[in-house]
Amino acid sequence: MIPPYLRPGDTIAIICPAGYMALERAQTCIDTLRQWGYQIRIGQTLGGDSGNYFSGSDEERLADLQQMLDDPDVKAILCGRGGYGLTRIIDRIDFEHFRANPKWIIGYSDITLLHAHIEANFGIATLHAPMAAAFNDGGAEGPDVQSLRMAMEGKDLWYSCDPHSFNRTGQVSAAVTGGNLALLAHIAGTASAAPTDGKILFIEDVGEYLYNIDRMFRQLERSGRLDRLAGLLVGSFTDGKDTVRPFGATAEAIIRDVIRDYDYPVCFGFPVGHSGRNVALQTGVPHRLSIADESVSLYCPGGGTTS
Amino acid sequence: MLGLSAMSVVRWREDRGPLLIPPYLKPGDTIGITCPAGDITEKEIQPAVQLIESWGFRTLTGNTVGKKDFIYGGTDAERLADFQQMLDNPELKAILCARGGYGSVHIVDQLNFSPLLKYPKWVIGFSDITVLLCHIHANLHIASIHSKMCNSFPDDWTKAEPVQIASILSLRQALSGNETMKYTAVPNPQNRPGAAEGQLVGGNLKTLETLSGTRSDIDTAGKILFVEDTGEYLYSIDRMFWHLQRTGKLEHLTGLIVGGFKVKPDDPGEEFGRTVYDIVAERVRPYGYPVCFDFPVGHQKENYAFKYGVPHRLVVGTDQVNLTESTQTVTS
């Protein structure tokens, strides 16, 4: 099920369901969305100072998210930032109104949990996309934020990236799913884990030890999340840390080796992640992936229908 | 108390058939030493070899000792072959993993553990070796030993701290099987008093999380769970305890033992605002079982050998904390 795409005049709520974010860090995002013609509802957790890591107590973050989910005037919920914290409230969110009246949930990183939980339990599309800070420092005019705008307005989306020597060629049309690798590992075995069979999985992570990337990716494999994919998009794995004694393989080589026995198309260096490019991807919505020797493209037809 | 005991016995037998306890070691028995994960040199295992031989056991050094493939004690194929040989060898009564690090998960699915049913033996280790202990518990229901490994044996026994000596001697005691295992911990005001009986399972918390959803994942219902970790941020420890809860691993415990947690300090401006005690207390609040903190198990010098999967009795009192092996498992 695909939530209604946005039209100018619609209201977008901005909240922080996980880590703290100062309101001024989101100001460019707010101004830009208004310039695009949207009304903005600022949740209490944006700039909500809890005195610690979080943007509010569990109860405050839950209440803010719940209110935006239940408010029929709010057509999309943009998470200001990720960090850590959705795990602490996910099982207490009441999705009853949302199920009957789907709206776009926008974010990435810790928000991966919300995307996966909604996909696994309700089959509603969500938007894995840049968040408020991505609008700063000229980002609002950049291609990633522009892709967010086009995605939430239901426009045709066409992404390309450079060929990579590890790529495996092929063409496939399937729904995309995925997000942050640490979160995908963290939700394995829980009610929030979304099945990946027949889907194009995308993954990214930041600041992890290489051995831990290896361990988490193998967990995906051992929990049956890699063997029946339609395709795999490997995003950026940046700020990776190494052990004192070098691990001896890059994140890309780790992934290439684990999926050696499968034959679906795979693209490395896809523009999704914490550093560098991070394009909007509609989880649960069919995309067409084409990986050739000299080019890679991912196409999402406007309005969310397959061509 | 009697009622509790009877119930836990039933639960542990329901699990995957009766628990199989490998034969305890007698003088002259042989212990294999291998590296399923990180690498170690021949020189580095000498303190362990010498001490174990002084106990009257023989050792067999696997050919992964001294091998090095980046962080691993040999390639996946070499580590797999070495461990498999030890599983297959009827002469070996125990397999001591030389150290943890990372890498057991690379070989666990290729290992054929069925020889353990024919020639049961103790698999010994902790940290990354949690993978093997969990896998053996979940799939074969054979007892193993969560313990210090070769890399934690002191170079100079005479200069070692008493708790380190006591920890290593507890491995000898666990292997010999002629005494009931008994542990005490300093009472912590954050403990939740009570008494519990159940099989002792658990290990490294991060490793437990990364086994979720796989065939090495353990069922904790009716059991005493122990967890420890090192080098994790508080937010990550919080997330892992939520993971335990969300995968149903906290709800049906009979008791919880929180071992050592070496916490990575918060980055400036990212203060988590909760301690490990707060994190655990929040998660176990809905349940009534006993909980104890700072139990001497984990990545510190005081890290006693636990018989993994074996029923134990945990009594958390205000003046003392006792963990005792349930006597019916001790053979004479």
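The following questions and answers go through a predicted model, its domains, sheets and chain contacts.

Local features are given only at pLDDT of at least 70 and side-chain atom pairs count only at pLDDT 80 or more, while totals for chains, interfaces and linings use all residues. Residues are numbered from 1 along each chain as its sequence is written, and chains are lettered from A and ligands numbered from 1 in the order in which they are written.

Reader: How far apart do the C-alpha centres of domain 1 and domain 2 of chain A lie?
Author: The domain bounds come from an automatic or database domain assignment. For chain A this gives domain 1 (11-142) and domain 2 (157-304). The distance between their C-alpha centres is 24 Å.

Reader: Which element gives the largest share of the side of domain 1 of chain A that touches domain 2 of chain A?
Author: Contact is taken between residues whose C-beta atoms, placed from the backbone, lie within 7 Å, and 21 residues of domain 1 of chain A are in contact with 18 residues of domain 2 of chain A. On the domain 1 side, the elements that give two or more residues are α4 (112-122) and β5 (126-128) of chain A; helices (H or I, at least four residues) and strands (E, at least two) are DSSP runs, numbered from the N terminus. The largest share, 8 residues, comes from α4(A).

Reader: How do the residues on that side of domain 1 of chain A divide into nonpolar, polar and charged?
Author: Ala, Val, Leu, Ile, Met, Phe, Trp, Tyr, Cys and Pro count as nonpolar, Asp, Glu, Lys and Arg as charged, and the others, Gly among them, as polar. For the side of domain 1 of chain A that touches domain 2 of chain A, the division is 11 nonpolar, 8 polar and 2 charged.

Reader: Which strands pair with β1 of chain A, and what is the bridge partner of Thr11(A) in β2(A)?
Author: Strands pair if DSSP finds at least two bridges between them. β1 (residues 11-15) of chain A pairs in the parallel sense with β3 (residues 74-79) of chain A over 5 bridges, and also in the parallel sense with β2 (residues 39-42) of chain A over 4 bridges. In β3(A), Thr11(A) has Val74(A) as its bridge partner. In β2(A), the partner of Thr11(A) is Gln39(A).

Reader: How does Tyr5(A) count in terms of exposure?
Author: A residue is buried if 20 or more other C-beta atoms lie within 10 Å of its own, exposed if 12 or fewer, and partly exposed in between, with C-beta atoms placed from the backbone. Tyr5(A) sits in the segment before β1 of chain A, and among residues more than four places away in sequence it touches Met152(A), Glu153(A) and Gly154(A). Because Tyr5(A) has 19 C-beta neighbours inside 10 Å, it counts as partly exposed.

Reader: Where on helix α2 of chain B are Ala48(B), Val49(B) and Ile52(B), and which residues are exposed on the other side?
Author: In α2 (residues 46-54) of chain B, these three residues are buried. They cover an arc of only 100° around the axis, so they lie on the same side of α2(B); the arc is that of the directions from the helix axis to the C-beta atoms. Their cover includes β1 (30-34) and β2 (58-61) of chain B. The exposed residues on the other side are Gln50(B) and Ser54(B).

Reader: Why is one side of β6 and of β10 of chain B left without a neighbour in the sheet?
Author: The open sheet has 7 strands in the order β6-β13-β12-β7-β8-β9-β10 (chain B), with mixed pairing. One side of each is left without a neighbour because β6 (182-185) and β10 (291-292) of chain B stand at the edges, each with a single partner strand.

Reader: Which residues form the uncovered face of β13 of chain B?
Author: In a regular strand the side chains alternate between the two faces of the sheet. β13(B) has Val321(B), Leu323(B) and Glu325(B) on its covered face. Asn322(B) stands opposite Thr184(B) and opposite Val315(B). The uncovered face is Asn322(B) and Thr324(B).

Reader: Which element supplies the largest share of the side of chain B that touches chain A?
Author: 21 residues of chain B are in contact with 24 residues of chain A. α8 (205-211) and α9 (234-246) of chain B each supply at least two residues of the chain B side. The largest share, 5 residues, comes from α9(B).

Methods: Contact = placed C-beta atoms within 7 Å.
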